[in-house]
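Open the model in your viewer and keep the selection tool at hand. The stops below say what to select and what to look for.

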Amino acid sequence: MFIISDDLSMTLSGMGHPECKTPNLDAFAKTGVSFTSAYCQFPLCGPSRASLMTGQYPMINGVKGNGGTVAVNRVTLPKHFANHGYWTGRVSKIYHMGIPGDIVEGKPGNDHAASWHEAHNMMAMEAITPGKATDFLNPESVTQYAAERKKWLAARAANEPYQHTQVARAQYASIEVAEKDRGLLADTMATDQAIELLQQRANDQRPFFLAVGLIRPHFPFIGTTETMGQYHADELAIPNVPANDHQDMPKQTINTVLKFEKPAQQEMRRAYFGAVSFMDRQVGRLLEAMETLQLRDNTIVVFVSDHGYLLGEHHMWKKAKLWEEAIHVPMIISAPGKTQGATCQRTVELVDLYPTLTELAGLPSDSAAQGNSLAALLENPEATHAKQNALIQVNGGFGLRHGRWAYMWYPKSKKHPEGVMLYDMQQDATQYQNLAELKEHQEVRHRMHQQLMQRIEAAQGK
């Protein structure tokens, strides 16, 4: 059972977040190993998911944007399982889908059809779902939601395609839906569908690989009156960004700068946390169904996010840059007979999941997969891991996370000179002081750059 959340940062209460509440994931963590230093390979949905599913770095599989697709003949993680007797199924977003576009229109996005025996897309109203709506960037757009909803409902009733508009995109919107209407939400539908598939699998002797994509907390931030209602905006902290924060940053690193007033930031964080808690409830439903169907004790269960998310840190929002909030992700693996209720602080990468799951399932390894298995860490979370750092790529740059250091490098281009950033994560976890140009840190900078070049060359097979 492979469960992936969308745009989820390190906001699990069980991993130390002081405000967001994720009781179901916290309970799940007690059955497995929580990886607290896991990093994606590209902080953008399409490339990150392609990297995870191919077991390859973006520079090898070629997917470096949301428009990219995995090669048809690539033996992906689920395809590898299918080739060895497993039934494989997809529910909602596993490879890239445009959110909310492909969900509103009920389309598969850039799926890899060869990965699955069975695939299910969700079709939901997203931002135009009935409920209390607020758009923090374009407040006037909310007045158009009702008319847009009528168009969506009419198209569906007539079994005709619906073409979403900018109104329905709602990148900085909060929609609080009544509990009685939770069935209208995509993640409820996805969980319902996944439970139905689990019921079928329980009566089938073949082993299964079921991948369930939960699209929250990806914008628009959608939850129910209960999940959002447990948060009070005026009690939530916001990033304390220094006035001169951008002065020591290369221009390539600055992205989606929006300086909302404090109340708006608090409301947006409330909405994001409410969406996370709604997603968490769906995880709870899936795990409960597995218990009821007596599938839990002999099934490997993985929970992970595709990448993190900026919520006003550095006055920036969303993803696609090398900031810690965008690249650091929660990951929990629960496997029969392995360590339970433990935390692993070793630095790992999402690309490691492919060889990990094949080893845990006793399948032959895939020589084209580039990660390192984490199976030994599931036996002993303190064991040595083959990798000491994590390699991350973005358009135009690379990052390396190694222990206390975060290093970011943007090579010289036609538009920009070389950009370098170095942060001491023990002393400056918020990454507000770039040490790259300071004389006393040149040795660390040089060492980190050498390690980064070695990792890039290794990833390229050189």
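## Stop one: the enclosed spaces

The lining of the largest cavity has three nonpolar residues, five polar ones and no charged ones. This is a predicted model. To see that lining, select G46, A50, G68, T69, V70, Y95, H96 and N110. The space they enclose comes to about 50 Å³.

How many cavities of 30 Å³ or more are there? The count is two, and the second largest has a volume of about 40 Å³. Select L322, E324, I327, I392, G399, L400, R401, A406, Y407, M408 and Q431 to show the lining of this second largest cavity. The elements that give two or more residues to this lining are α11 (324-327), β16 (397-402) and β17 (405-410). By class, the lining of the second largest cavity has seven nonpolar, two polar and two charged residues.

## Stop two: the largest pocket

Now turn to the open spaces. The largest pocket has a volume of about 760 Å³. Its lining is made of 30 residues; select M10, H17, E324, E325 and H328, which lie nearest its centre. Two or more residues of the lining come from each of β2 (33-39), α10, α11 and β16. Which element gives the most to the lining of the largest pocket? Colour β2, which gives three residues. Sorted by class, the lining of the largest pocket has 11 nonpolar, 13 polar and six charged residues.

E324 deserves a second look. This residue lines the second largest cavity, and E324 is also among the residues nearest the centre of the largest pocket.

## Stop three: the second largest pocket

The second largest pocket holds about 420 Å³ of space. Of the 21 residues that line it, select Y86, F208, N298, T299 and I300, which lie nearest its centre. Then show α8 (186-202), β7 (208-217) and α12 (353-360), each of which supplies at least two residues of this lining. The largest share, three residues, comes from β7. The lining of the second largest pocket divides into 15 nonpolar, three polar and three charged residues.

## Stop four: helix α10

Select residues 262-292, which form helix α10. Why should this helix span 45 Å? The expected span is 45 Å because α10 has 31 residues, taken at 1.5 Å a residue. Put a distance label on the C-alpha atoms at the two ends: they are 45 Å apart, which agrees.

Is α10 mostly covered or mostly uncovered? The helix is mostly covered, with 23 of its 31 residues buried. Step past the end of α10 to Q294, where phi is positive, near 60°. Recall that α10 also gives two or more residues to the lining of the largest pocket.

## Stop five: the nonpolar cores

The largest nonpolar core has 56 residues. Select F2, F35, M331 and I333, the residues with the most contacts inside this core. Next, centre the view on I333. Leaving aside residues up to four places away in sequence, I333 touches G32, V33, F35, V301, V302, L353, T356, L360, L374 and L378. F35 is thus on both lists: a contact of I333, and one of the residues with the most contacts inside the largest core.

Another core, of 53 residues, lies apart from the largest one. To find this other core, select A186, F219, A264 and Y272, which are among its residues.

Definitions and conventions
Residues numbered from 1 in each chain as written. Predicted model: local features only at pLDDT ≥ 70, side-chain atom pairs only at ≥ 80, totals over all residues. Heavy atoms only, no water. 1 Å grid on protein atoms, 1.4 Å probe; cavity = no way out; pocket = protein on both sides within 12 Å on 5 of 7 lines; lining within 4 Å. Points joined across faces, edges and corners; volume = space filled by probe spheres on them. Nonpolar A, V, L, I, M, F, W, Y, C, P; charged D, E, K, R; others polar. Helix = DSSP H or I, 4+ residues; strand = E, 2+ residues; numbered from the N terminus. Core = buried A, V, L, I, M, F, W, Y, C linked by side-chain atoms within 4.5 Å. Buried < 20%, exposed > 50% of the residue type's maximum accessible area, 1.4 Å probe, protein only. Contact = heavy atoms within 4.5 Å. Expected span 1.5 Å × (residues − 1).
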